[in-house]
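Here is a short briefing to read alongside the sequence and the model. Take it one topic at a time, and keep the structure open as you go.

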Amino acid sequence: MVKHFIIWKLKDTFTEEEKAAARREAKRRLESLDGKIDGMISIKVHIDRLPTSTGDMMLESYFEDEAALAGYQKNPIHLEAATYVRSVVAERLCLDF
């Protein structure tokens with residue numbers, strides 16, 4: 001199994017209301033991929049954060065193997081969701097293991 005975690009920081013130019021809306025929309029788009037991509041075991045976007053957090057949201061996803069992760073990254077429905085996320089994000093950190 002491969003675990004694919006991403007932490008995003010949203011653009012500083014957004015108001016708190018805009019950040020909250022962006023988090024909800026990213027969660028909706030990414031979690032809608034569940035069950036639609038071969039080799040993906042699960043996907044969850046965490047947006048309810050504590051004030052001590054330095055990131056704005058986190059993707060937690062699991063894949064059968066590295067080939068499944070690679071397929072997800074090239075999948076057109078993932079790329080559509082990722083295009084939105086990239087439009088609201090200032091920083092991205094990824095850890096695959």
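Which element supplies the largest share of the lining of the largest pocket? That element is α3, with five residues. Please keep in mind that this is a predicted model. The points below start with the pockets, then turn to the core, one helix and two single residues.

**The largest pocket**
- The volume of the largest pocket is about 240 Å³.
- Its lining is made up of 14 residues, and I6, H78, A82, R86 and R92 are the ones nearest the centre.
- Two or more lining residues come from each of β1, α2, α3 and β4 (89-96).
- Sorted by class, the lining holds nine nonpolar, three polar and two charged residues.

**The second largest pocket**
- The second largest pocket has a volume of about 150 Å³.
- If you would like to select its lining in your viewer, pick R28, R29, S32, L33, K36, I77, E80 and A81.
- Both α1 and α3 give two or more residues to this lining, and the largest share, three residues, is from α3.
- Here the classes are three nonpolar, one polar and four charged residues.

**The nonpolar core**
- The largest nonpolar core has 24 residues, and W8, L30, M57, L59, Y72 and V85 are those that touch the most other members.
- At least two core residues come from each of β1 (2-10), α1 (16-31), β2 (40-46), β3 (57-63), α2 (66-74) and α3 (76-88).
- W8 is a good residue to click on: leaving aside residues up to four places away in sequence, W8 touches L30, G55, D56, M57, M58, L59, V85, V89, E91 and R92.

**Helix α2, one side and the other**
- The buried residues A68, L69 and Y72 belong to α2.
- Viewed down the axis of α2, these buried residues fall within an arc of 100°, and therefore they line one face of the helix.
- E66, A67 and K74, on the other side of α2, are exposed.
- Among the elements covering the buried residues of α2 are β1, α1, β2, β3, α3 and β4.
- Y72 appears twice in this briefing, as a buried residue of α2 and as one of the core residues that touch the most other members.

**I6, a residue in β1**
- You will find I6 in strand β1.
- Is I6 buried or exposed? I6 counts as buried because its relative accessible area is 4%, and the cut-off for buried is under 20%.
- Not counting residues up to four places away in sequence, I6 is in contact with M57, M58, L59, R92, L93 and C94.
- R92 is thus worth a second look: R92 touches I6, and R92 and I6 are both among the residues that lie nearest the centre of the largest pocket.
- I6 and Y84 are 78 residues apart along the chain, and 15 Å separates their C-alpha atoms.

**P76, a residue in α3**
- P76 has its place in helix α3.
- Why does P76 count as exposed? The reason is its relative accessibility of 61%, since exposed means over 50%.
- From P76 to S32 the C-alpha distance is 13 Å, with their positions 44 residues apart in sequence.
- S32 can also be found in the lining of the second largest pocket.

Note on methods
Residues numbered from 1 in each chain as written. Predicted model: local features only at pLDDT ≥ 70, side-chain atom pairs only at ≥ 80, totals over all residues. Heavy atoms only, no water. Core = buried A, V, L, I, M, F, W, Y, C linked by side-chain atoms within 4.5 Å. Buried < 20%, exposed > 50% of the residue type's maximum accessible area, 1.4 Å probe, protein only. Helix = DSSP H or I, 4+ residues; strand = E, 2+ residues; numbered from the N terminus. Contact = heavy atoms within 4.5 Å. 1 Å grid on protein atoms, 1.4 Å probe; cavity = no way out; pocket = protein on both sides within 12 Å on 5 of 7 lines; lining within 4 Å. Points joined across faces, edges and corners; volume = space filled by probe spheres on them. Nonpolar A, V, L, I, M, F, W, Y, C, P; charged D, E, K, R; others polar. Arc of directions from axis to C-beta.
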